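Work through the exercises below with the sequence and the 3D structure open. Try each task before reading its solution.

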Amino acid sequence: MFSVNALPASFGDCLWIEYGPDDAPNVILIDAGPSAPAMLKERLQQLAARGGTLELVVVTHVDADHIGGMLTLLENDFYGVPVRDVWFNGFRHLPGVETFGEKQGERLTGLLLDKRVAWNVDLNNAACMIADDNYPVIDLPGGASITLLSPDAGQLARLKRNWIRVCGEADLYADVPAVSTHYDEDGREAFGAAVPDVTRLAGETFVEDVAEANGSSIAFLIEYDNKRALCGADAFPSRLLSSLAQLYGAGPHRFALVKLPHHGSEKNVSKELVEGLDCRCYLFSTNGARYKHPSQSAVARVIQHAKRPKLIFNYRTEFNEMWDSQPLQTMYEYSVQYGDDGGVTIDLS
Ligand SMILES: [Zn+2]
């Protein structure tokens, strides 16, 4: 089997990936939402009961909607599940000039050290990043492999220069007051029953994301049994595209599933990204809280530039239900799928 489950993690990401034998699949966990979804605890307890292991836990970047729940999981020792390795770029891994001497270890780093969890072992204890002509490929137990696509050293250096502010925003320092996020609320107001103008929305000027934390996202492709899924975290589309081009030459690049970056923000889903992918299934992971994601422009770009895409939402919300329109689907040749209380599971096998 090979499946990706986008758990209901509010406005954040929490991906539970299974591959291998149906009765005892290998499990990877990517992020844990702003707070750990209740069903994640159940799943971990079930995994512990069958003697399973988390082959890999990835904390893609230091934003609250990805890292918040991870603090709870670490505090609770993953509810009894052994963890083979955690990938997370803490301050100690970041390249570039150090501009302050103290305050390196925020809460997640403290927990990783306290709990003696394996940390970036697959990366020889160095940063989880790509470098010129070096796109690490990590083989996982059970036959899956991961090829890193993001971040690069430049993005990690930017994060380093802004580390305290970015971690403060994610409430990762007990003594640094959490400030309201600096991200624009770039999602649109819901239009209710109004039918979106796909062509106009898709054609809106694209301005790429510049947020340091998003640019530092660990994004990769995971391959199992000749199927590939792109796990975009909140990465910048230009980074993903140039990594794919470096690795595989001119696109479009075939994927069975693309988890679109940054919950379908208009700043992270460009026409070029969609045109660079040969994929039928696009996952939008968010309930739209706080940032009103996905943006209608991002969804419209997928509809306009992908070939008969299936839009997969892990929630049905006022920010995505307008796409469940038969006339629109007929006109633009796309389909939709909405998750339920359990989020949404995409079977890739
Ligand atoms: Zn996010």
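The exercises that follow concern a predicted model.

**Exercise 1. Find the order of the strands in the open sheet, and say which strands stand at its edges.**

Solution. Step one is the order: six strands form this open sheet, and they run S5-S4-S3-S2-S1-S16. The pairing in the sheet is mixed. Step two is the edges. Strand S5 (86-87) and strand S16 (344-347) each have a single partner strand, so one side of each is left without a neighbour in the sheet.

**Exercise 2. Describe how strand S1 pairs with S2 and with S16.**

Solution. Begin with S2: five bridges join S1 to S2, and the two run antiparallel. Within this pair, Ser3 has Glu18 as its bridge partner. Then take S16: strand S1 (residues 2-6) is joined to S16 by four bridges, again in the antiparallel sense. Two positions can be checked here. Asn5 has Thr345 of S16 as its bridge partner, and Ala6 stands opposite Val344.

**Exercise 3. Sort the side chains of S1 by face, and state which are buried.**

Solution. Start from the general rule: in a regular strand the side chains alternate between the two faces of the sheet. Now apply the rule to S1. Phe2, Val4 and Ala6 point to one face and are buried. Ser3 and Asn5 point to the other face and are not buried.

**Exercise 4. Carry out the sorting by face for S13.**

Solution. On one side of strand S13 (residues 281-284) lie Cys281 and Leu283. On the other side lie Tyr282 and Phe284. All four are buried, so both faces of this strand are covered.

**Exercise 5. Trace the neighbours of S13 and the path of the chain to S14.**

Solution. One neighbour is strand S11 (residues 257-259), which pairs with S13 in the parallel sense over two bridges. In this pair, Val258 has Tyr282 as its bridge partner. Another neighbour is strand S14 (residues 310-313), which is parallel to S13 and joined to it by four bridges. Here Phe284 stands opposite Phe313. From S13 the chain passes through helix H10 (residues 296-305) before reaching S14, a β-α-β crossover that is right-handed.

**Exercise 6. Place the cis peptide bonds at Pro151 and Pro252 in the chain.**

Solution. Take Pro151 to begin with. The bond from Ser150 to Pro151 is cis, with omega near 5 degrees. Pro151 sits in the loop between strand S7 (145-150) and helix H4 (153-161). Next comes Pro252. The bond from Gly251 to Pro252 is cis, with omega near 0 degrees. Pro252 belongs to the loop between helix H8 (237-248) and strand S10 (253-255).

**Exercise 7. For Ser10 and Asp77, give the sign of phi, the location and the exposure class.**

Solution. Ser10 is not a glycine, yet has a positive phi of about 55 degrees. Its location is the loop between S1 and strand S2 (15-19). For the class, count neighbours: a residue with 20 or more other C-beta atoms within 10 Å is buried, and one with 12 or fewer is exposed. Ser10 has 19 C-beta neighbours inside 10 Å, so Ser10 counts as partly exposed.

Asp77 also has a positive phi, near 50 degrees. Asp77 lies in the loop between helix H2 (64-75) and S5. With 14 other C-beta atoms within 10 Å, Asp77 is partly exposed.

Technical notes
Residues numbered from 1 in each chain as written. Predicted model: local features only at pLDDT ≥ 70, side-chain atom pairs only at ≥ 80, totals over all residues. Pairing = 2+ DSSP bridges. Right-handed = clockwise from strand over helix to strand, strands pointing away.
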